[in-house]
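Visitor: I am new to this structure and would like to learn how to read its features one at a time. Could we go through them together?

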Amino acid sequence: MNVVVVGAHQDDEMSSVGTLIKCVARGDKITIVSVSNGDKGGQFDPSIPHEEISRIRIGECTAVAQALGGNYYCLGQEDEYIADTRETRDRLTEILRMEKADLVLTSPLNDYNPDHIITGEMVYHAVMLTTVRTMTWEAAPLTRTPAMYYMDSTGGFGFEPTDFVDISDVFARKLEICALHKSQMANMATFGGWDLVTYAKVTNRYRGLQCYVEYAEAFHAEMRWPRATPYEYLPKGKHPDLR
Ligand SMILES: [Zn+2]
């Protein structure tokens, strides 16, 4: 499968990185997209120019995509000012078509940051537009609407999972990939009081506790037409009795 994860910022994909590792293991191709340039993410040292932080974060997210053997796109909107524009909707739709997306992951529509919410809304629209044959760009329209799942909210607030992925066996690798976001390890320690590794240890353990495994990532399926699907897209394991 072709899996595309779209976040507002370089590090938002961390909510699904254990799942992405499992997708790679089953042969999937991964694409990571950031809508913003991430230029406000230097709170650990506000003297660093915005352009420099943006360059660092794009480099870090490129490294994450490379660690997963995938592609990375940055759509370049200004961090903390993401807007639902015709240009960005079209670009998201074009990327989903170019990458022949089967499965799309994005931020939930009630997350803490409007950048996340607007990104989720634009992705929701772009997923549908992938198959609209009267809207044409370079890449051909898809023949099947990709399945769409929302990643966990920041802190888990207001997020009701419909699906869990057991990431216990790849959790150590997930932490290594989290640490590739070196600037955001420092940024979030300043902004949130935790770094990305600490955050994953707590939230993935909690989601694991909910579904009786050690570590898990939580997702919420978007079931509005034509995104609903009768097929299994997430790398979920078989019941132990069926192995
Ligand atoms: Zn973010």
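Visitor: Which residue lies over the face of Tyr124?

Guide: A charge counts as sitting over a ring when the charged group is within 6 Å of the ring centre and within 35 degrees of the ring normal. In this model, which is predicted, Arg227 takes that place over Tyr124, at 3.5 Å from the ring centre.

Visitor: How many aromatic pairs does a search of the whole structure find?

Guide: The search finds two. Planes under 30 degrees apart count as stacked, and the rings of Phe171 and Tyr215 are stacked because their planes stand at 5°, with their centres 3.7 Å apart. This pair links distant parts of the chain, since Phe171 belongs to helix α5 while Tyr215 sits in the loop between α7 and β7, 44 residues apart. Both Phe171 and Tyr215 are buried. Trp194 and Tyr199 form a tilted pair, with 4.5 Å from centre to centre and 35° between the planes; Trp194 is partly exposed, at a relative accessible area of 24%.

Visitor: Which residues are the protein donors of the zinc ion?

Guide: They are His9 through ND1, Asp12 through OD atoms listed twice, and His116 through NE2, lying 2.1 to 2.7 Å from the zinc ion. Along the chain these donors follow the spacing H-x2-D-x103-H. Asp12 lies in the loop between β1 and α1 and His116 in helix α4, so this pair ties together parts that are 104 residues apart in sequence.

Visitor: What is the geometry of the site of the zinc ion?

Guide: The site is irregular, with angles of 53 to 129° among its four donor atoms.

Conventions
Residues numbered from 1 in each chain as written. Predicted model: local features only at pLDDT ≥ 70, side-chain atom pairs only at ≥ 80, totals over all residues. Heavy atoms only, no water. Phe/Tyr/Trp six-rings, centres within 6.5 Å; stacked < 30°, edge-to-face > 60°. Helix = DSSP H or I, 4+ residues; strand = E, 2+ residues; numbered from the N terminus. Buried < 20%, exposed > 50% of the residue type's maximum accessible area, 1.4 Å probe, protein only. Donors = N, O, S within 2.8 Å, 3.2 Å for Na, K, Ca; no water. Tetrahedral: all angles 85-135°; square planar, octahedral: opposite > 155°, others 65-115°.
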